[in-house]
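This briefing summarises the local architecture of one protein chain, grouped by topic. Please consult the sequence and the model shown below while reading.

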Amino acid sequence: VANKYTFVWRGSVEKHDSKLKAKTEALLNQIEQNHAMENEENPVGGELTADEVTERVERIKAKVDAKNLSKEERKALREMENDAVPRMERYKEQLATMGTRNSYSKTDPDATFMRMKEDAMLNGQLKPGYNVQMSTENQFITNFGIYQRPTDTLTMIGYLESFRSRYGMQSQEIVADSGYGSEENYEYMFSNGMVPYVKYNMFHVEQRRKYRNDPFRVSNLFYN
């Protein structure tokens with residue numbers, strides 16, 4: 001039910017959050033120095049937080065008479081209280097909602113933006129959704145899982161663990177397409193006694209003569 005324009009991107013949030021904190025820190029330092037408060041025991045280390053901004057603004061107001069604050073300083077302090085602090089809190093909440101993901105939908109926070117192929121030309125479109133995994137044996141569905149990660153590679157170990165949790169056993173042979181091929185997945189399957197029939201994502205490309213004979217590939221370069 002999530003609209004495709006309700007996205008929140010990690011990169012954008014972190015960028016705006018960093019700029020806001022740097023600007024606010026610089027303004028606070030300047031005002032404190034202007035009024036001989038540079039030797040105050042300000043919190044040191046770590047990133048500036050909304051609580052710290054509120055405390056420093058209140059301290060400035062308590063120690064400096066409003067008449068001694070310039071028009072620009074009063075405006076800056078107002079903006080910190082009414083704009084900077086709420087935005088810092090909002091960015092913090094957005095990053096907490098995102099967790100380890102790079103995006104989420106405002107109307108469906110559990111949904112992650114993934115590349116879909118839904119139009120007639122199968123062009124990729126970023127839309128909020130879930131990565132649904134299913135496995136079968138002898139044409140019977142044996143397990144399923146719903147994931148927030150858009151790539152199949154990163155779902156495989158968790159999915160196999162859920163199979164073991166559900167049945168108390170594990171399949172002896174695993175068949176999957178190249179979207180699941182990774183060193184980490186191979187190591188997991190081998191270490192748990194499974195035989196993987198899973199190609200890695202470059203398997204078919206490496207079979208092409210053009211790829212094998214490409215003189216500019218690192219593995220084909222002559223070392224002198």
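In what follows, a residue is called buried when its relative accessible area is under 20%, and exposed when that area is over 50%. The model is predicted. Its largest nonpolar core has 22 residues, and a second, separate core has ten.

**Nonpolar cores**

- Within the largest nonpolar core, V53, I60, L77 and M80 have the most contacts.
- Two or more residues of this core come from each of α1 (10-34), α2 (50-63) and α3 (71-98).
- The greatest share is that of α3, which gives eight residues to the core.
- V53 is in contact with T24, L28, L48, M80, V85 and M88, once its neighbours within four places in sequence are left aside.
- The second, separate core numbers ten residues, including A176, Y188, M189 and M194.
- As a general background, nonpolar side chains in soluble globular proteins tend to be buried together.

**Helix α1**

- The 25 residues of α1 should span 36 Å at 1.5 Å a residue, and the C-alpha atoms at its ends are 36 Å apart, so the expected and modelled spans agree.
- The buried residues in α1 are R10, V13, D17, L20, K21, T24, L28, I31 and E32.
- T24 and L28, buried in α1, also appear among the contacts of V53.
- The cover over the buried residues of α1 includes β1 (7-9), α2 and α3.
- After α1 comes A36, with a positive phi near 55°.

**Packing of α4 and α5**

- A pair of packed helices is described by the angle between the two axes and by the distance between them.
- Helix α4 (residues 156-167) packs with helix α5 (residues 183-191) at an angle of about 25°, and their axes are 10 Å apart.
- Because angles under 35 degrees count as roughly parallel, α4 and α5 are roughly parallel to each other.
- On the α4 side the contact is made by M156, I157, L160, E161 and R164, and on the α5 side by E184, N185, Y188 and M189.
- Five residues of this contact are nonpolar, one is polar and three are charged.
- Y188 and M189, which take part in the contact from α5, are also included in the second core.

**Position of S191**

- S191 is placed in helix α5.
- With a relative accessible area of 59%, S191 is exposed.
- S191 is separated from T100 by 91 residues in sequence and by 26 Å in space, C-alpha to C-alpha.

**The β5–β6 loop and strand β6**

- N138 is found in the loop between β5 (131-137) and β6 (140-147), and Q139 lies in the loop between these strands as well.
- Although N138 is not a glycine, its phi is positive, at about 55°.
- Q139, not a glycine either, has a positive phi of about 70°.
- N138 counts as exposed at 68% relative accessibility, and Q139 is exposed with a relative accessible area of 80%.
- T142 lies in strand β6 and counts as buried, at 16% relative accessibility.
- Beyond its neighbours within four places in sequence, T142 is in contact with S135, T136, E137, F163, R166 and Y167.

Notes. Residues numbered from 1 in each chain as written. Heavy atoms only, no water. Core = buried A, V, L, I, M, F, W, Y, C linked by side-chain atoms within 4.5 Å. Buried < 20%, exposed > 50% of the residue type's maximum accessible area, 1.4 Å probe, protein only. Helix = DSSP H or I, 4+ residues; strand = E, 2+ residues; numbered from the N terminus. Contact = heavy atoms within 4.5 Å. Expected span 1.5 Å × (residues − 1). Axes fitted to C-alpha atoms, helices over the stretch in contact; angles between N-to-C directions. Parallel < 35°, antiparallel > 145°, perpendicular 65-115°, else oblique. Nonpolar A, V, L, I, M, F, W, Y, C, P; charged D, E, K, R; others polar.
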